[in-house]
Amino acid sequence: MDDLDTREWLLTNGLGSFASGTVSDIRTRTYHGWLFASTNPPSGRTLLLSHLEASLEVAGKAVALGTNIWGTGEIGPTGYKLLRSFDVNPVPKWIWGEDDWQLSRQLVMPYGCGGSREWACPERSRRGVERENDIQTSEFCHRLLIQYRYEGRETAVLRLRLLIADRDFHHQQTNSPDLQFSQVLGNKQICLQAMIAGRFGTPWQLQWSQGEYQANAVWYWHYGLPEETQRGLGDREDLHSPGYLTVTLQPGDAVTLEARMGFPAELTNSLSSDTFAEAVEAEQERLAQVFGWGVGEKLGLGAGSRGQGGEISPFPPATPLAPLGETPRPQWLPCSPTSYPSSPIWQQLLKAGDQFIVYRDSIAGPTVIAGYHWFNDWGRDTLIALPGLALVTQRFELAKGLLQTFGRYCRHGLIPNAFPDIDSEPYYNSIDAALWWIETLGLYLEATQDWQFLAEQFPIVQQIYKAYFGGTRYNIQVDATDGLVGWDARSVALTWMDAVVEGKPVTPRPGKAVEINALWYSALCWLSQWAERLSQMNMGDSVRLAKQGRRYAQQAQQVKASLQKFWNPQLGYLYDTIDLDDRRNAQVRPNAVIALSLYHCGFSQKQGEQILDLATYRLLTPYGLRSLDPADPEYIGKYEGNPEKRDRAYHQGTVWTWLIGPFIRAWQRFYPEQPLPFDWQPLLDHFLSDACLGSISEIFDGDPPHRARGAVAQAWSVAEVIRHLPMK
């Protein structure tokens, strides 16, 4: 394994489907495969096509190009030894070769969501049969294109053996009598479907531009998955092969294949040798349109921000009302895309961010996948990531759609932390998602000046305020004595530090948490400003709104004064929590930095400087902030081992990249003239050449050398880098 390049690549389609693998072409995870199709976007992700096992015969000599690790630990075949190069841009491309031949392979996953908007699909029927059949329509399309190209002196024969499955993306497939696969052969096309314990699996098809297919059903047993071994999870997989394709290639020839979910109306093949290039071009054009890149400014060639008429346009000017509080606003938006029109890194970051934006069928609107491979969409993650993914990039319709999506499902003053797959109530197990919704709504309004949208959303804002003030689920309620928000539900974890082991939160934070109350203070400031603005613009009952604005302002001042309860003068830092019995938790955690980074801040200049000085010394790493001071007895420096060990380490020292965003915003507020004590290069090196190439991991070990861990591509990690990376 030490000789194998196990860095990863990722392709997505805007509906939750994805393809992923490694540079050396070995599968090391349950989540590696070429077509994980989202049967209920963005959920129901099902592995259909694992991969094609390739061999090439030239001048009577056959060489195997694949690489597998088996349950015994043996590696075979060893096609990686013939691998000459790999590139991830614009699409993953491998080149194998020897002195007298060369074979390349490229993969592309076309964007699968139709419709007039850049993030959405048209409204579709919810009726039974029509809903079941609409996976076959052009509006939802889950497919992968593969192209092999041969160069050499002599004719070659390429053999491609199909390795397939029908299983949930979290679990491995095991051969059993209850699992059967059927295949129907057409013109350069095969239709495949599993039968699992008497029920039909997901139908799909494979087409090819040339070649002869031979049915030859066999099972391949006990593939090893070493990453799952390290994670203490199931690490064996059986894959079925229905047959193989034989293609005779002259020098310069190419063969193109397409795997697509759903059965065709007729067994006719329309695949040509140009299909692959057209798909790559279409994806480049889509990204150019989404991000406003000019003609010819596709990925790696430079980017600009253009209006509908093609003119270069600056970021919309903001004319915000003055904030409450003594400290200045952070520069949450340091520059617009027009400030760096020709940076390949910037374009790759935008592409990485776009991979997380998907359409959710159950709510008929946009959402954000928290991370790949295994996360679904989460409310808190979406709202924290939104400024980087949608505001800095000027995707204002997307930002508006995301805010509408989550606001529409506000219940009992809470914003969903997660959506169900279909036809059930969202999960409302978060104390801060609603407060992040208000904070992010404020950033959207400052960027767009869309006051009509404020008027539409203000009833939801007031609903959140009333619920927190009067009390809601989990005993979330404002303490009338100090105006601070607290909660009392010790069996659940409601903040972002939400790991639970054996039914108990690893980082219990009931009572009054520092970043929650900083968000509450900022929310009250927003409410005061918004009520005043709506009153001035006659968008509602002006007299009533003016009175409400004054009340919100008074409450904000009370909360600002009460925030001083979190000040620890001995340490020069903020207490992390104030428990229900008034005990203070003095652990040094990054939540104090979050409290300094919000649009409205209730702490003094001197306090902010002291907090940042200690956070820089104790928490800052080249990849983000640690979740706990290494000097703390509860600190765990490595995120590794079985699921329980990893969950115990998750917020006990593990580095979180998304926290570099709050640190930078706080630094810009309290040290505006001082250079940022953070070197971007290690994180950019990670983005370009480590873990998942072209994305940023969820977490890193707290101890040097800070190995990348967790999800290999995380939305808020990428979003906060987009939000703050200085480009020249």
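This passage describes selected strands, sheets, helices and residue environments in a predicted model.

The N-terminal part of the description centres on strand S12, which spans residues 156–168. Of the 13 residues of S12, 11 are buried, so the strand is largely enclosed by the rest of the structure. Strand S4 (residues 43–58) pairs with S12 in the antiparallel sense over 11 bridges, and within this pairing Glu57 stands opposite Val157 of S12. S12 also pairs with strand S18 (residues 236–249), again in the antiparallel sense, over 7 bridges, with Leu158 placed opposite Val247 of S18.

Two helices were examined for their packing. Helix H3 (residues 275–291) and helix H4 (residues 344–354) pack at an angle of about 95°, their axes lying 11 Å apart, which makes H3 roughly perpendicular to H4. On the H3 side the contact is made by Arg286, Leu287 and Phe291, and on the H4 side by Leu350, Lys351 and Asp354. By residue class, the contact of H3 with H4 divides into 3 nonpolar and 3 charged residues, with no polar ones.

Cysteine residues were considered next. A disulfide is a covalent bond between the sulfur atoms of two cysteines; with a cut-off of 2.5 Å between cysteine sulfur atoms, the count in the model comes to 0 disulfides. Cys141 has a relative accessibility of 12% and therefore counts as buried, and Cys410, with a relative accessible area of 5%, is buried as well.

Two open sheets were described further along the chain. In one, 3 strands are arranged in the order S27-S30-S31 with antiparallel pairing. Strand S27 (512–513) and strand S31 (584–585) stand at the edges of this sheet, and because each has a single partner strand, one side of each is left without a neighbour in the sheet. Strand S30 (residues 577–578) is joined to S31 by 2 bridges, the two strands running antiparallel, and Ile578 stands opposite Arg584 in S31. In the other open sheet, 5 strands follow the order S32-S33-S34-S35-S36, and the pairing is antiparallel. The edge positions are taken by strand S32 (620–621) and strand S36 (708–709), each of which pairs on one side only. S32 and strand S33 (residues 624–626) run antiparallel and are joined by 2 bridges, with Leu625 of S33 serving as the bridge partner of Leu620.

Strands S32 and S33 also take part in the surroundings of helix H14. This helix (residues 660–670) is mostly covered, as 10 of its 11 residues are buried; the buried residues are Ile660, Gly661, Pro662, Phe663, Ile664, Arg665, Ala666, Trp667, Arg669 and Phe670. They pack against helix H11 (591–597), helix H12 (605–618) and helix H16 (715–724), as well as against S32, S33 and strand S34 (655–656).

The loop between S33 and helix H13 (643–649) contains Tyr635. With a relative accessibility of 16%, Tyr635 falls under the 20% cut-off and so counts as buried. Leaving aside neighbours within four places in sequence, Tyr635 is in contact with Arg626, Leu628, Asp629 and Pro630, and also with Gln652, Gly653, Gly702 and Asp703. Tyr635 and Ala649 are separated by 14 residues in sequence, while their C-alpha atoms are 7.9 Å apart in space.

Conventions
Residues are numbered from 1 along each chain as its sequence is written. This is a predicted model: local features need pLDDT of at least 70, side-chain atom pairs count only at pLDDT 80 or more; totals for chains, interfaces and linings use all residues. Side-chain values use heavy atoms; hydrogens and water are left out. Axes are lines fitted to C-alpha atoms, for helices over the stretch in contact, and angles run from 0 to 180 degrees between N-to-C directions. Helices (H or I, at least four residues) and strands (E, at least two) are DSSP runs, numbered from the N terminus. Angles under 35 degrees count as roughly parallel, over 145 as roughly antiparallel, 65 to 115 as roughly perpendicular and the rest as oblique. Contact means heavy atoms within 4.5 Å. Ala, Val, Leu, Ile, Met, Phe, Trp, Tyr, Cys and Pro count as nonpolar, Asp, Glu, Lys and Arg as charged, and the others, Gly among them, as polar. Two strands pair if DSSP finds at least two bridges between them. Buried means under 20% relative accessible area, exposed over 50%, partly exposed in between (1.4 Å probe, protein chains only).
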